[in-house]
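Q: Could you take a close look at one part of this model with me? I would like to follow a single strand and see what surrounds it.

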Amino acid sequence: MLLERNQNASLLMRSILDEELDNTVVNFMRLSREDFAYLLQLVTPRIRRQDTYMRNAIIPKDKLIITLRFLSSGDSYKSLEYAYRLPSTQEEWLRVEEEFSGKWKFPHAIGAIDGKHVAIKAPARSGTEYYNYKQFFSIVLLAVVDANCNFMFADVGCKGRISDGGILRTSRLYNMLEKNELQIPQAAVLRDSSSIRIPYMLLGDKAFGFTNYCIRPFGGITQSGSVERIFNERHSKARRTVEMAFGILTARFRVLRKPMELNPQSAAKIVLTTVYLHNFIRREESSRGESTEPGSVQSELTELRG
């Protein structure tokens, strides 16, 4: 009788998970079945477990569906190489710069940088270490994004009370930038008629310091039509790619919309997983000829939020 009950429960779970594959993976996350099969092939060796005398192990396919369901909906556990990477050659950095210059009319930009607070349940005995200026507990996702809203770098898990600039200074990216280890091209003139050499820089907001690898907008009140106002407008439009990337990430993976009842280390792994999947989905869409142009981002956000 117990065996029969387990078999019936297994059939019910199989039916539910097959439905989730359609509702969550195919429809909501817009992963094709081919993409799902590819992901499953990658992770199966790491998540497969052996059956025991007491019960059969959950098969890798079911684990992946449940994980994707959790990431996309944010439901509790009870109810239920496509990763980012920085360019490694000067030619790759220049391709990033060409896209920023062509799509956003901002030359010598090699990425947009910003931080996003991800809400978590207050960790035990942590005091105010994770309590941010927005007045909730969080860990921070520090990211560098290209002109197409793809993540090139992500640092996840820093305590919410630390500023974006402070998080950058504690990241491995900071050390590589300071030591000039990223093969970023040397400063060059903007046009042939100019003799002033301009560095290739990340676009950051006022939370980041002005350095030879990061440029932020002019502070204070700028006059309409002034060079400073025009610069700030161009800078804001180009840097918006990182804000749009965060928006798409949150719209697709609703686990990021509400406080995670996980310890900071586990929450950081969840956030990093969504970053990997974000890039995977967008690059697969691009390879199939589906639009990932900046003009389609707003409609994508509207559709995902609908």
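A: Happy to; what follows is a walk along strand 2 and outwards to its surroundings. Please keep in mind that this is a predicted model.

Let's begin with the strand itself. Strand 2 covers residues 138-145 and is mostly covered, with eight of its eight residues buried. Its side chains split into two sets: S138, V140, L142 and V144 point one way, while I139, L141, A143 and V145 point the other way. Both sets are buried. As a general point, side chains in a regular strand alternate between the two faces of the sheet.

Now for the sheet around it. Five strands make up an open sheet in the order 3-2-1-6-7, and the pairing is mixed. Strand 3 and strand 7 (214-215) are at the edges with a single partner strand each, so one side of each has no neighbour in the sheet.

Strand 2 has strand 1 and strand 3 beside it in that order. With strand 1 (residues 109-119), the pairing is antiparallel and runs over eight bridges. Two of the residue pairs are worth finding on your screen: I113 has V144 as its bridge partner, and A112 has V145. Strand 3 (residues 151-159) is also antiparallel to strand 2, joined to it by seven bridges. There, L141 of strand 2 stands opposite V156.

The turn into strand 3 deserves a pause. Five residues lie between the strands of this hairpin, and C149 is the one to look at, with a positive phi near 65 degrees. That is a positive value in a residue other than glycine. C149 sits in the loop between the two strands, yet it counts as buried because its relative accessibility is 1%, below the 20% cut-off. For another positive phi in a residue that is not a glycine, try Q183, at about 60 degrees. Q183 also belongs to a loop, the one between helix 6 (172-178) and strand 4 (188-189), but at 42% relative accessible area Q183 is partly exposed.

Back at the hairpin, C149 leads us to a helix residue. T241, in helix 7 (residues 227-252), is in contact with C149, and also with V145, D146 and A147, as well as F100, W104 and A112. T241 is buried, with a relative accessible area of 0%. Its side chain reaches the backbone oxygen of A238 at 3.2 Å.

F100 shares part of this setting. Its contacts include T241 and A238, together with A112, V145, D146 and A147. Among the others are K105, F106 and L203.

F100 also takes us to the wider interior. The largest nonpolar core has 66 residues, and F100, I113, L173 and M260 touch the most other members. Helix 8 (residues 264-287) gives the largest share of this core, eight residues. Domain 1 (11-75) and domain 2 (85-288) both contribute residues, so the core lies between them. In soluble globular proteins, nonpolar side chains tend to be buried together.

One last stop is helix 8 itself. Its 24 residues reach 35 Å from first C-alpha to last, close to the 34 Å expected. At its start, a side-chain oxygen of N263 comes to within 3.1 Å of the backbone nitrogen of Q265.

Key. Residues are numbered from 1 along each chain as its sequence is written. This is a predicted model: local features need pLDDT of at least 70, side-chain atom pairs count only at pLDDT 80 or more; totals for chains, interfaces and linings use all residues. Side-chain values use heavy atoms; hydrogens and water are left out. Helices (H or I, at least four residues) and strands (E, at least two) are DSSP runs, numbered from the N terminus. Buried means under 20% relative accessible area, exposed over 50%, partly exposed in between (1.4 Å probe, protein chains only). A polar contact is a pair of N or O atoms within 3.5 Å; within protein, one must be able to donate a hydrogen and the other to accept it, and residues adjacent in sequence count only if both atoms are side-chain atoms. Contact means heavy atoms within 4.5 Å. A nonpolar core is a set of buried Ala, Val, Leu, Ile, Met, Phe, Trp, Tyr and Cys residues joined through side-chain atoms within 4.5 Å. Domain bounds come from an automatic or database domain assignment. Two strands pair if DSSP finds at least two bridges between them. The expected span of a helix is 1.5 Å times one less than its number of residues. Lists of a residue's contacts leave out its neighbours within four places in sequence.
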